[in-house]
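Good morning, and thank you for coming. I should like to take you through one model, from its surface to a single pair of side chains.

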Amino acid sequence: SSGINAEYGVVIYKQEDYITGLYNGRKANAFLLYSSWCGHCQKFAPTYKEYAALVADWSSVMTVSGVDCVYDTPVCKKYHVQGYPTLRFIGPTTNTSDVGITYDGDRSKQDLVKWTISMLGEVKNAPVFWPNLSPCVTIGGCSRHMASSEFPGEIVVPRKGSEETPSKVPGLLRERV
């Protein structure tokens, strides 16, 4: 097995429940299509778990999820998987024909977080209950934020209502006031 599971904040969908999870119209999804026998997937699993932990505080707007294509082949065929692992971003939608945007960058947790920030920033018609998010152009323009040592040159988003307790999640998003 690849070792990717809910214990690490990754929702593993089964064929019968992925449509409800991905297309609920409330959250965006980082959706990993993998094969439990695939060596590349097994190597990527620890990074994906670390990525899930980094964005865990964003659970009100996104879910980190996956499906094992060994057991749910029809799901993976729908997404036209060409190789494993394949990571897709699916915005908050109820359109089940939306197969998302494929990630093709480096497989580091930092690059995955940057990609997620970019994808969340491009969401059109975000659900009304989402916080208003906007990209910070420069750290100087985001004086409420603290620099992150793990992500030099980026910022950490403070938890709502507390300037002193920043979230562990680095990013370029901030709440608009």
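**Surface, fold and one ion pair**

The chain has an accessible surface of about 9300 Å², and 51% of that area belongs to carbon and sulfur atoms; the areas come from the Shrake-Rupley method with a 1.4 Å probe, and for residues only the protein chains shown count as cover. Please note that this is a predicted model, in which local features need pLDDT of at least 70 and side-chain atom pairs count only at pLDDT 80 or more, while totals for chains, interfaces and linings use all residues. Residues are numbered from 1 along each chain as its sequence is written, and side-chain values use heavy atoms, with hydrogens and water left out.

Of the chain's 177 residues, 46% are buried, meaning under 20% relative accessible area, with exposed over 50% and partly exposed in between (1.4 Å probe, protein chains only).

Next, the fold. There are four helices and ten strands, taken as DSSP runs numbered from the N terminus (helices H or I, at least four residues; strands E, at least two). Their order from the N terminus is β-α-β-α-β-α-β-β-α-β-β-β-β-β.

Which side chains meet in a salt bridge? They are those of Glu50 and Lys109, at 3.7 Å, N to O; the term requires a side-chain nitrogen of Lys or Arg within 4 Å of a carboxyl oxygen of Asp or Glu. Because Glu50 lies in helix H2 (residues 39-54) and Lys109 in helix H4 (residues 109-121), the pair ties together parts 59 residues apart in sequence. Glu50 is partly exposed, at 41% relative accessibility. The structure holds one salt bridge.
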